[in-house]
Amino acid sequence: MNGTTIQAPTIEYALLSPMLLVFGAAIIGVLVEAFAPRYLRKSIHVPLTLLALVGAFVTTILTALNGLPTVAAAMGAVAVDGPSLFIWGVILILAFICTLLINDDDQFVAQAAAVPGSVDEEEAVRHGYAQTEVYPLMLFSVGGMLLFAASNDLLVMFVALEVMSLPLYLLCGLARRRRLLSQEASVKYFLLGAFSSAFFLYGMALVYGYAGSVDLKTISTAISSVSGQEPLLLIGTAMLGVGLLFKIGAAPFQAWKPDVYQGAPTAVTALMASTVLVAAFGAVLRVFWVALGGYEWNWQPLMWGVAILTMIVGAILAITQTDIKRMLAYSSIAHGGFLLTGVIAIGTIKQDQQALSAILFYLAAYGFTTVGAFAVVTMVRDAGGEAGHLSRWAGLGKRSPVLAGIFAFFLLAFAGIPLTSGFFAKYAVFAAAISGGALPLVIVGAVSSAIAAFFYVRVIVLMFFSEPAADGPTIAAPTVGTSAVVALAAAATVVLGVFPQPVLDLADQAASALFIR
Amino acid sequence: MPWLSTLMAVPVLGAVGVSLVKSDKLAKQLALAISLVVLVLTGVLAAQFNPTSGTRFQFAEVYDWIPRFGVHYGVGVDGIALVLIALSVVLVPIVILASWHDADGTGANAPPKRSVKTYFALLLVLEAMMIGVFASTDVFLFYVFFEAMLIPMYFMIGSYGGAQRSYAAVKFLLYSLFGGLLMLVAVIALYVIAEKGTFMFPELIGAIQDPTTQKWLFAGFFIAFAVKAPLWPFHTWLPDAAAQAPAGAAVLLVGVLDKVGTYGMLRFCLELFPDASKFFTPLVIVLSVVGIIYGAIVAIGQTDIKRLIAYTSISHFGFIAMGVFAMTANAGAGATLYMVNHGFSTGSLFLIAGFLIYRRGSSQIADYGGVQKVAPVLAGTFLIAGLSSLSLPGLSSFVSEFMVLIGTYEIHPVPAIIATTGVILAAVYVLWMYQRMMTGPTAESVKLFPDLDIREKWVVAPLIAVIIAVGFFPKPLLDVINPAVDKTLSTVQVDQFTPAVADKKGAGQ
């Protein structure tokens with residue numbers, strides 16, 4: 001009015017540069033789609049995507065080397081702190097690996113709009129069309145993940161959630177084979193995801209009603225000062241929880257996972273199973289530890305129940321699966337449960353640091369192994385595409401001992417056998433949970449690990465101890481990209497299993513200052 | 001010189017070498033040579049071992065492995081560990097020699113040909129892990145070996161075993177994993193509650209004082225060891241696994257891997273949780289006695305040779321566990337010696353049974369008869385091994401069983417008396433099996449049995465020699481074992497039986 005100027009918001013571009021790079025590359029990707037001739041698109045997209053991810057990773061490292069900022073960036077909307085940087089690093093590496101996998105031919109549909117089995121589809125295939133939009137879509141999704149894990153404000157978090165999820169809904173429906181299954185997965189994921197987003201949004205509104213702000217820090221201070229509005233906060237917490245736990249695939253919100261993982265193109269499944277889980281846990285920690293950290297006696301008991309249910313449901317239902325991707329989906333649910341035991345282990349500052357570092361290490365270890373496992377799945381093919389049914393895997397150890405051996409090694413890592421990364425990951429979260437006083441939870445975790453071991457071992461039995469089927473699947477000659485993915489994942493699983501100290505140190509440093517508020 | 005690391009590194013490198021060579025024959029010879037090198041190295045190490053030295057764990061090496069978790073690569077041996085390592089490294093070359101044709105797919109009704117190189121590479125990896133598990137002085141490192149050694153054994157049973165091999169392999173792995181994961185919880189809790197910031201075993205002794213905590217942690221460790229050993233009622237995986245495993249793997253499984261369970265009770269349960277061990281002693285003794293009698297009776301009823309031997313082992317593990325938990329010098333030393341002797345006598349039973357099965361293609365006792373006439377050396381050595389198993393005086397098991405019974409009687413007379421019937425039942429199952437298989441009219445299918453060939457004689461001779469030698473002159477072994485067992489028991493009893501010492505300790509704080 002009388003000369004008041006609106007202060008322009010300060011944006012720390014340097015701190016946000018990883019995200020900006022990824023989003024920028026995604027937008028360029030869209031332009032490429034619009035203007036580049038069809039035959040050139042892929043050869044522009046692949047280097048562009050990889051460069052953007054490498055660039056983002058390098059800037060993430062540089063930020064970390066410059067010392068951790070102590071206040072949230074972008075007017076308190078984005079918290080670029082130790083955990084964020086660690087999670088960014090992990091997401092970017094995993095996304096890089098997944099890009100190599102996505103780059104593999106023969107995974108994506110020729111033309112998504114063509115009705116399955118129609119003349120249009122045949123046309124598209126004959127012309128060698130390719131849905132190269134997958135690259136910008138993936139970059140948008142990765143950018144959303146980076147923001148999701150770092151958002152310091154519920155509104156930003158919601159936007160990030162949508163930016164992360166919407167491209168994924170599309171990507172899920174782009175499988176080249178079994179297109180109906182893929183489209184079904186896409187629709188299911190979209191409907192349920194939209195539903196859970198609505199929960200999140202409504203929970204956010206209720207929490208805003210209680211605290212008068214969507215800022216995580218303000219919510220946290222409100223919890224210790226405002227009184228008399230408890231129902232708003234309680235219901236709001238529960239609804240935020242539903243929205244976030246859906247993304248993790250924690251029981252009872254796990255139902256989408258097997259269907260979506262099975263239907264989606266396997267490279268996209270690898271992306272979802274690794275990076276989305278990492279980002280979602282970043283967001284869970286931020287909401288429950290930063291915003292609701294002073295409120296833990298209200299959400300902890302419920303989270304106990306969810307963690308127990310998730311571990312048991314994941315482990316038991318996995319036993320009944322006959323499809324390798326569904327089995328890995330249930331395994332991912334169970335692992336989400338193990339990670340939740342770490343989320344519950346909140347307490348003193350030292351305890352928080354230990355639990356946080358354990359979760360970060362777990363996410364890194366699990367992410368690599370998962371991508372590797374799905375990469376192997378893409379290589380086992382028969383006439384109808386990937387041979388998903390477990391019975392088709394019989395005797396794989398005889399046809400292709402090296403590949404089967406590596407896959408067995410990944411499975412042992414999932415099962416948490418010593419000298420694999422999965423063991424130390426599990427050890428770290430269980431240790432944090434025990435010192436946080438959640439011993440019963442850890443015992444449930446140990447028992448469900450034993451149950452889970454059964455179905456991992458069953459696949460090993462199939463591969464190595466059964467006679468190969470006469471018309472069994474062949475191992476597709478791996479492309480350079482796919483072999484690189486498998487090799488990297490196997491190397492990470494070995495190194496983190498034998499010599500985890502450097503990564504543990506890194507996770508410790510990332511966790512040392514906890515979250516900035 | 002880092003002796004123990006060398007002992008582990010040689011077989012691991014050997015396994016890599018074995019898996020790389022071109023021909024199967026060369027792989028076998030290389031594996032045998034490597035295992036003999038390890039044997040010689042262990043011999044040199046044992047010669048330098050000083051049982052009466054003040055240092056408890058000799059040849060110790062301690063390096064930080066994962067400082068963040070307080071985990072060390074910590075190895076070292078006392079008398080108990082040394083004799084068990086010796087048992088392992090003696091058995092491995094014998095097993096390699098005995099398994100010469102196990103993976104070839106030759107022999108009557110043998111499983112189809114499998115990768116020979118993989119089999120021998122797995123054997124060598126397993127050897128390194130067996131040495132590691134006994135040599136670990138870091139509880140976490142022990143756990144790592146304890147779990148990791150399941151994997152090579154799992155593949156040996158699952159890929160090279162009998163008709164039901166994959167069922168047996170999975171059952172073996174899942175039982176062990178289940179126990180192991182409970183132990184993992186206890187291991188983590190031990191670290192967290194002790195607040196020592198380290199997993200080194202010597203520093204954790206006496207770290208847990210609260211009786212309730214001790215009981216819970218004891219339960220976590222004990223169940224894992226009881227599954228591994230196995231004690232009744234955790235035993236049901238053993239007969240399946242041992243019967244389906246190839247004879248060589250069965251020897252290492254029952255002879256060495258299962259000893260990790262009883263060894264763990266002696267080393268970790270007793271010393272880390274002395275009060276809880278005292279508290280649970282009656283329960284463990286009851287389980288042991290039930291196991292002794294039950295194992296023996298069920299063994300009598302078996303129709304399959306390997307299952308029969310497996311059940312006799314359950315009976316023997318009852319004796320060992322009873323000796324460990326009797327907590328007297330005699331019983332403890334007897335139990336340790338029993339672990340070694342049982343490895344040799346049961347090992348030879350399994351191996352000779354394996355030779356029989358290789359010839360006949362059946363593991364049913366009823367398919368044999370009168371073997372003695374066609375293959376006298378085979379039958380004779382089988383008898384000696386069997387007699388050792390039933391603790392005939394003059395053969396090795398007698399010494400240890402006698403010590404266990406005497407040592408137990410000192411404190412728990414009634415269980416000791418009941419357990420003695422196990423000795424009588426042992427005579428029934430061994431002699432009756434011998435009678436059915438070796439004596440009587442020669443069965444038609446047995447008529448063309450060749451006697452032991454040179455290779456098989458080389459397998460059996462060292463075992464029989466050890467059985468007789470230890471039977472007559474156990475002193476060298478006991479000289480090594482006794483100080484270590486005394487040390488263990490003194491740790492256990494500090495708080496319990498000698499108040500004077502406890503007072504001193506209290507005053508010292």
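A network of salt bridges links E184(A), K188(A), D259(A) and R326(A). By salt bridge I mean a side-chain nitrogen of Lys or Arg within 4 Å of a carboxyl oxygen of Asp or Glu. Please keep in mind that this is a predicted model, in which local features need pLDDT of at least 70 and side-chain atom pairs count only at pLDDT 80 or more, while totals for chains, interfaces and linings use all residues; side-chain values use heavy atoms, with hydrogens and water left out. Residues are numbered from 1 along each chain as its sequence is written, and chains are lettered from A and ligands numbered from 1 in the order in which they are written.

Within that network, K188(A) pairs with E184(A), and their closest N and O atoms are 3.0 Å apart. Both residues belong to helix α8 of chain A, residues 179-211, where they are 4 residues apart, about one turn of the helix. Helices (H or I, at least four residues) and strands (E, at least two) are DSSP runs, numbered from the N terminus. An α-helix has 3.6 residues a turn, so residues three or four places apart point the same way. Are these two side chains buried or exposed? K188(A) counts as partly exposed because its relative accessibility is 28%, and E184(A) is likewise partly exposed, at 41%. The cut-offs are under 20% relative accessible area for buried, over 50% for exposed, and partly exposed in between, with a 1.4 Å probe and protein chains only.

Over all chains, the search finds 16 salt bridges. Another of them joins E271(B) to R56(B), with the closest N and O atoms 2.5 Å apart. This pair links distant parts of the chain, 215 residues apart: E271(B) sits in helix α11 (247-272) of chain B, and R56(B) in the loop between α2 (24-48) and β1 (58-66) of that chain. Both E271(B) and R56(B) are buried. In chain A, E33(A) forms a salt bridge with R41(A) at 3.3 Å between the closest N and O atoms, and these two residues are buried as well.

R41(A) brings me to helix α2 of chain A, where it is one of the buried residues; others include H45(A), L48(A), L53(A), T60(A) and T63(A). The helix covers residues 38-65, and its end C-alpha atoms are 41 Å apart, in agreement with the 40 Å that its 28 residues should span at 1.5 Å a residue. The expected span is 1.5 Å times one less than the number of residues. The cover over the buried residues of α2(A) includes α1 (13-35), α4 (82-102) and α6 (134-150) of chain A. Just after the helix, G67(A) has a positive phi of about 95°.

In chain B, I would draw attention to α16(B), whose 14 residues reach 20 Å from first C-alpha to last, close to the 20 Å expected. Its buried residues include L378(B), F382(B), A385(B) and L387(B). They pack against α13 (305-326), α14 (329-360), α15 (371-374), α17 (396-411), α18 and α19 (454-472) of chain B, where contact means heavy atoms within 4.5 Å. S391(B), just after α16(B), takes a positive phi of about 65°.

I turn now to empty space. On a 1 Å grid over the protein atoms alone, a cavity is a set of points where a 1.4 Å probe fits but cannot get out, and a pocket is an open set with protein on both sides within 12 Å along at least five of seven lines; lining residues have an atom within 4 Å of a point. Grid points are joined across faces, edges and corners, and a volume is the space filled by probe spheres set on the points.

How many cavities of 30 Å³ or more does the structure hold? There are 2. The largest contains about 50 Å³, and α15(A) gives the most to its lining, with 4 residues. The second largest, of about 30 Å³, returns us to α16 of chain B, which, like α18 (413-438), supplies at least two lining residues.

The largest pocket holds about 1700 Å³. Of its 43 lining residues, F409(A), L122(B), V125(B), I151(B) and F155(B) lie nearest the centre. The lining divides into 32 nonpolar, 8 polar and 3 charged residues. Here Ala, Val, Leu, Ile, Met, Phe, Trp, Tyr, Cys and Pro count as nonpolar, Asp, Glu, Lys and Arg as charged, and the others, Gly among them, as polar.
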